[in-house]
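Take a first look at the structure below. The report that follows goes through it part by part.

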Amino acid sequence: MRDKLAELRRHMRNEAIIDEATARLATGLGIRPAEAAERLARMAKQSGLDPVDVAKGVERPLEPEVVAAEVPHWVRGMLEAAHASAFYLTPICDEAGRVVDFRIVAANRHARTPAGLGEHELAGRRLITASPGVASSGLLDDYIHAYESGEPVQRVPLEFVEVVDQRIWPATLSVRAARVEAGLLVTWRTLDDEELLVTGWERAQRLAELGWGEWNLATEHILWTSGMYEMFGRNRDDAPLSLEEISSMVVPDDLPVVDDMMRSLLEYREAVETAFRVQHRYGVRHLSVFSEPILDGDGVPVKVRCLAQDVTRTRRRERALAVAHEQATLQRRRAEEEHGVTVRLQDTIMPLRRGLVHTPGLAVGVRYLPAEQLARLGGDWFKSRVLPDGRTLLAIGDAMGHGLTAASLMLQTRSGLAGLAYTAAPAGQLATWLNDLILHSNEGITATGTAIIGHFDPADRTFSWTSAGHPGPILVREGRGRLIEAPTGMMLGALDSAEYGMSVTRLEPGDLLVLYTDGVVERRGRDLDSGLEALVQASHFCAGDDPEEMIDCLLERLGGGSSEDDVCLMAVRVL
């Protein structure tokens, strides 16, 4: 806090230096302060210096600032008649005839600027050198307008900051300027503490949208602040509403509330806090109202006072939050229901399982782990089955997306492959048929997936396979793993009439083949190539005889047990 205050004070001092230099430059060049400020900025830009450093180099004007003049008797009389600080100004014009400043012809004995300059220090000086704050506060422009148009100017309250000798003198003023003959009569005074409190209260009413009213029950005199007029949609020229007339502005549903408020004030003679709505000219407004009766010595109400606040914006925010909360709750319930259906569907299709599956020439370990986050539950799947011709179908894939849509697509892909595999067609043809199945069974919906589909033939230990947009298998031989490089076909469901090429990998006894989904290799902040390299390195360390143990080791080293996405792994050992 101390550092912040010191920084603020440095900034204020720098502004004071610039304002004072601007006044000096304007006086010396005979131009308006706004033009002098632009010239000062150009000087700083051209020199490459800080504007404050340039401002410090601006010297006082060479021409005399004080010009003694004979003050007309009528001017002196006019000034002395004023009971506030006052001076009389005459214009100073440039060569084009524009008013750029004023000369202080005379000041009265009450004159005192915020910086402490009095009658004798002011008389005869140019205005912007005697009081540089008139430029930055906009008063000089007001004075020029009042002189040229003849229209009086009044500013109250005015937060005025005077600048003298690189120091600032803030004050809250009431200022009035009016043209008199060939000059300008300016009067000002500093607001006292009571006036500052009243001004602050008026500002607080505007900011907090408050209004205050008083009803004299005996004289029927009504006193309202401007806030009350605004709340009830009344013009200032209209009379305030009587207590009897308030009900005419109230929304019908809230009339019982107002009747109860009046009963509490006039019959029970109690203060009451309540809320009701009124029909404003710009629509319905919500008011929060605190009212109290003023009683005489016998306890009879003689006045009613009311403090009201327009809480329409607060009520609108509350309604918006309530609607948003209701929608969020509904969406959460739908998501939970969808998740429940997805989990049951996945558990029915691919129940979590452990243990090896033995097929001719192979020992197969599989693992499926759903995502920890409900919203990330996806469509990972695997398939391992012995076919009538003695080959083993090995497949793994991922339906794009998450939730029920992905689970449904996973079911469609896995079930479709299970049936198509009995045709004994090669893996590339199976992928083409699956592509057509997904594409034409999901019209109007973007449904895609990736997969590796292959057949292991125990007769020659070959793995004939195709990739539909899926990363290739890892082959671990003699404890060293490598990614099998092969052409990658189009994702399933992406294009019509897609064709898929075949790859043949010859295996040897003791080889391990690792098939996986993207949840194994993809992590936030890591690209796919880095994930694949991590899997290859982990396969070196985890190579062994038991595919199930290898899967456990890989998941532990890669953090697959806590993945944000689904994880599916298949480890196949050649016997």
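## Strand S6 and its partners

In this predicted model, strand S6 and strand S7 (residues 222-224) run antiparallel and are joined by 3 bridges. Trp215 has Ile222 in S7 as its bridge partner. The two strands form a hairpin, with 5 residues between them. Glu220 sits in that turn and has a positive phi of about 60 degrees.

S6 also pairs with strand S10 (residues 301-310), again in the antiparallel sense, over 7 bridges. Here Asn216 stands opposite Lys303 in S10. How much of S6 (residues 210-216) is covered? Most of the strand is: 6 of its 7 residues are buried.

## Two nonpolar cores

The largest nonpolar core holds 43 residues. Which of them touch the most other members? They are Phe102 and Tyr143. Phe102 has contacts with residues beyond its neighbours within four places in sequence, including Leu89, Pro91, Ile92, Leu127, Leu140, Tyr143, Ile144 and Leu184. Arg125 and Arg126 are also among its contacts.

Another core lies apart from that one and has 24 residues. Its members include Trp215, Phe232, Val258 and Val304. Trp215 is the residue already met as the bridge partner of Ile222.

## An open sheet of six strands

One open sheet has 6 strands, in the order S11-S12-S21-S20-S17-S18, with antiparallel pairing. Which strands stand at the edges? They are S11 (356-359) and S18 (480-483). Each has a single partner strand, so one side of each is left without a neighbour in the sheet. From one strand to the next, the twist averages 20 degrees.

At one edge, S11 and S12 run antiparallel and are joined by 4 bridges. Val357 has Val364 in S12 as its bridge partner. The two strands form a hairpin with 2 residues between them. Gly361, in the turn, has a positive phi of about 80 degrees. At the other edge, strand S17 (residues 474-477) pairs with S18 in the antiparallel sense, over 4 bridges. Val476 is partnered there by Gly481 in S18.

## Helices on the sheet

Two helices deserve a look here. Helix H16 (residues 528-542) packs on the sheet and touches S17, S18 and strand S20 (512-516). Its direction makes about 155 degrees with that of S18.

Helix H17 (residues 547-558) packs on the sheet too. It touches S11, strand S12 (362-369), S17, S20 and strand S21 (567-574). The direction of H17 makes about 35 degrees with that of S12.

## The disulfide and other cysteines

How many disulfides does a search of the whole structure find? It finds 1. A disulfide is a covalent bond between the sulfur atoms of two cysteines. Here the pair is Cys542 and Cys553, with sulfur atoms 2.0 Å apart. The torsion about their S-S bond is about -70 degrees, so the disulfide is left-handed. Cys542 lies in helix H16 and Cys553 in helix H17, so the pair ties together parts that are 11 residues apart in sequence.

Are these cysteines buried or exposed? Cys542 is buried, with a relative accessible area of 7%. Cys553 counts as buried at 17%. Two further cysteines can be placed as well. Cys306 is buried, at 9%, whereas Cys93 counts as partly exposed, at 42% relative accessibility.

## Thr450 in strand S15

Thr450 is found in strand S15 (residues 449-457). Its relative accessibility is 9%, so Thr450 counts as buried. What does the side chain of Thr450 make a polar contact with? The partner is the side chain of His470, at 2.9 Å.

His470 is also one of the residues that Thr450 touches, leaving out those up to four places away in sequence. Others among them are Ile396, Gly397, Asp398, Met400 and Met491. Ala468 and Gly469 are in the list too.

## Glu273 in strand S8

Glu273 has its place in strand S8 (residues 272-280). Glu273 is exposed, with a relative accessible area of 63%. Leaving aside neighbours within four places in sequence, Glu273 is in contact with Val289 and Phe290. Phe290 is 17 residues from Glu273 along the chain, and their C-alpha atoms are separated by 4.4 Å.

Notes. Residues are numbered from 1 along each chain as its sequence is written. This is a predicted model: local features need pLDDT of at least 70, side-chain atom pairs count only at pLDDT 80 or more; totals for chains, interfaces and linings use all residues. Side-chain values use heavy atoms; hydrogens and water are left out. Buried means under 20% relative accessible area, exposed over 50%, partly exposed in between (1.4 Å probe, protein chains only). A polar contact is a pair of N or O atoms within 3.5 Å; within protein, one must be able to donate a hydrogen and the other to accept it, and residues adjacent in sequence count only if both atoms are side-chain atoms. Contact means heavy atoms within 4.5 Å. Two strands pair if DSSP finds at least two bridges between them. Axes are lines fitted to C-alpha atoms, for helices over the stretch in contact, and angles run from 0 to 180 degrees between N-to-C directions. A nonpolar core is a set of buried Ala, Val, Leu, Ile, Met, Phe, Trp, Tyr and Cys residues joined through side-chain atoms within 4.5 Å. A disulfide is a pair of cysteine sulfur atoms within 2.5 Å.
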